[in-house]
Amino acid sequence: MNALDVVLWVVAPYLAITVFVLGHVWRYRYDKFGWTTRSSQMYESRLLRIGSPLFHFGILVVLLGHIGGLVIPKSWTEAAGVSEEVYHVSAVVLGTVAGVATLGGLAILIYRRRTVGPVFTATTRNDKLMYAVLSLVIVLGLAATVAANVVGGGYDYRTTISPWFRSIFLLQPEAGLMAGAPPLFQLHALSALLLFAIWPFTRLVHMLTAPVGYLTRPYIVYRSRDDQSGSRKPRRGWEPTR
């Protein structure tokens, strides 16, 4: 392990985490009205109906797979009766299918954004940067999975990358574990750190919110100002306003 390994696998992760957290705090305080997906459905919906579900369902499976693989120790799954072979096959099959679905959905969304005039006009520089980095992360992750576990002889990332990931949050970083990982996995991790660093300043912030307020928000009542609103007498509380 050398100084570059310390910078890449200790300094860079903590820097990305700091920017991720403080960036969201800043964005929420000073740009609440910009905390949105900036939906472009009104401009085009045919491609969106295909690409959006494909991307979102795919990325959800990818996210759950990463949480399971990076957060849950190998000893826990073995204690639960899940053998290494079963876990490996399941992770490779689901990861590859989800990765292809995510990449396909993202490709459709990018094609739509580039070819539909109004959507392209509404695309900002932040959007272009976000799409480029997100595509890089997905491509590198899919390439690492295929190269190591489909074409190659297999790679158990739960003995190196997963312990390194957990060591970052335990404030006991073990850079040497990540320094020995295959290059594609290293590039995938670095691109993911870049994505998290720019995350607070893009439309990706909508992934951290949920419309919980809609569950308790009162109904919006619309009342006609037309005296001749119908032949039936209006119900109590629905009388025309004056």
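Trainee: What makes aspartate 156 and lysine 74 a salt bridge?

Mentor: Let's check the distance. This is a predicted model, and in it the closest N and O atoms of aspartate 156 and lysine 74 are 2.8 Å apart. The cut-off is within 4 Å for a side-chain nitrogen of Lys or Arg and a carboxyl oxygen of Asp or Glu, so a pair at that distance counts.

Trainee: Why do we say that the pair ties together separate parts of the sequence?

Mentor: Look at where they sit: aspartate 156 is in the loop between α6 and α7, while lysine 74 is in helix α3, so the bridge joins parts 82 residues apart in sequence. There's a bit more to it, too: Lys74, Glu84, Asp156 and Arg158 are joined into one network by salt bridges that share partners.

Trainee: Why is lysine 74 called partly exposed?

Mentor: Its relative accessible area is 22%. Buried means under 20% and exposed means over 50%, so lysine 74 falls in between. Aspartate 156, at 23%, gets that label by the same rule.

Trainee: How do you know that glutamate 44 is buried?

Mentor: Glutamate 44 has 12% relative accessibility. That is under 20%, so buried is the right word. Glutamate 44 meets arginine 112 in a salt bridge, at 2.6 Å from N to O. Arginine 112 has just 2%, so it is buried as well.

Trainee: Where in the chain do glutamate 44 and arginine 112 sit?

Mentor: Glutamate 44 is in the loop between α1 and α2, and arginine 112 is in helix α4, 68 residues apart.

Trainee: And what makes arginine 38 and aspartate 127 a salt bridge?

Mentor: Try the cut-off again: their closest N and O atoms are 2.7 Å apart, and within 4 Å is what's needed, so they pass. Arginine 38 lies in the loop between α1 and α2, with aspartate 127 in helix α6, 89 residues apart. The labels differ here: aspartate 127 is buried at 1%, whereas arginine 38 is partly exposed at 32%.

Trainee: How many salt bridges does the structure hold?

Mentor: The structure holds 7. As for the charges, the protein has 23 positive and 12 negative side chains.

Trainee: What tells you how the protein differs from a compact globule?

Mentor: Compare the radius of gyration: a compact globule of 242 residues would have one near 18 Å, but this protein has 24 Å. The C-alpha atoms fill a box of roughly 80 × 40 × 40 Å. As for what it's built from, there are 9 helices and 0 strands.

Note on methods. Residues numbered from 1 in each chain as written. Predicted model: local features only at pLDDT ≥ 70, side-chain atom pairs only at ≥ 80, totals over all residues. Heavy atoms only, no water. Helix = DSSP H or I, 4+ residues; strand = E, 2+ residues; numbered from the N terminus. Rg over C-alpha atoms; globule rule 2.2 N^0.38 Å. Lys, Arg positive; Asp, Glu negative; His and termini not counted. Charge placed at Lys NZ, Arg CZ, Asp CG, Glu CD. Buried < 20%, exposed > 50% of the residue type's maximum accessible area, 1.4 Å probe, protein only.
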